Amino acid sequence: MYNGFIYIMNTAFPYPSKESGLQTILTTVDSARTADGVMRAKKIGRDQGKVELTWNVLTPETWSAMLKIFDKNFTFPIRYFHMMEDAWVTRTFYVGDRSARPFLVDKNTGRPKYWLDCKANVVDTGL
């Protein structure tokens, strides 16, 4: 049974908020034009994926755990439900920019009770 939307280094993370979780399939092509202007191209490797993740609200513990994985590992395995394969797959990804806004900050400690609009995009390395 699957209790997470995405598994990063075998750690389950929650389903993203509505209108998130967008998957994009990237096709890498080696192409050039001939002297008469005709394009010649061939696909290189397999199609690769990108997953856009946004959570409206996360606890500091959940957001921190995810960010620590990204910080300690340039690439990492992700298991997710792949739309083309129509199955769970594990691929090697890297992360792009991450962002979030603090909410309900404790005036004594400076620690937010929640993080809002938590965003991270993960991109398939092709491995």
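In this predicted model, strands β4 (residues 29-33) and β5 (residues 39-43) run antiparallel and are joined by five bridges. Within that pairing, S31 of β4 is placed opposite A41 in β5. The two strands make a hairpin with five residues between them, and the turn includes G37, whose phi is positive at about 85°.

An open sheet is built from seven strands, ordered β2-β1-β7-β8-β9-β6-β3, with antiparallel pairing. At its edges are β2 (11-13) and β3 (22-26), each of which pairs on one side only. Neighbouring strands in the sheet are turned against each other by 30° on average, direction ignored.

One pairing within the sheet is that of β6 (residues 48-58) with β9 (residues 112-124), antiparallel over eight bridges. Here K119 in β9 is the residue opposite T54. Strand β6 also holds Q48. Is Q48 buried or exposed? Q48 has a relative accessible area of 18% and is therefore buried, the cut-off being under 20%. Leaving aside residues up to four places away in sequence, Q48 touches T24, I25, L26, T28, D124, T125 and G126.

Helix α1 (residues 60-72) lies across β1 (6-8), β2, β6, β7 (76-82), β8 (87-105) and β9. Relative to β9, helix α1 runs at about 30°.

Turning to the aromatic residues, the structure holds six aromatic pairs. Two of them are listed here.

| Pair | Centre to centre | Angle between planes | Geometry |
|---|---|---|---|
| Y7 and W88 | 5.8 Å | 70° | edge-to-face |
| F81 and W88 | 6.0 Å | 85° | edge-to-face |

Why does the pair of Y7 and W88 tie together parts that are apart in sequence? Y7 lies in strand β1 whereas W88 lies in strand β8, so the pair links parts 81 residues apart in sequence. The angle of 70° between the planes of Y7 and W88 makes this pair edge-to-face, because planes over 60 degrees apart count as such. Together, Y7, F81 and W88 form one aromatic cluster.

Accessibility is given for two members of this cluster. Y7 counts as buried because its relative accessibility is 12%, whereas F81, with a relative accessible area of 35%, is partly exposed. The value for F81 falls in the range between buried, under 20%, and exposed, over 50%.

Notes
Residues numbered from 1 in each chain as written. Predicted model: local features only at pLDDT ≥ 70, side-chain atom pairs only at ≥ 80, totals over all residues. Heavy atoms only, no water. Pairing = 2+ DSSP bridges. Helix = DSSP H or I, 4+ residues; strand = E, 2+ residues; numbered from the N terminus. Axes fitted to C-alpha atoms, helices over the stretch in contact; angles between N-to-C directions. Contact = heavy atoms within 4.5 Å. Buried < 20%, exposed > 50% of the residue type's maximum accessible area, 1.4 Å probe, protein only. Phe/Tyr/Trp six-rings, centres within 6.5 Å; stacked < 30°, edge-to-face > 60°.
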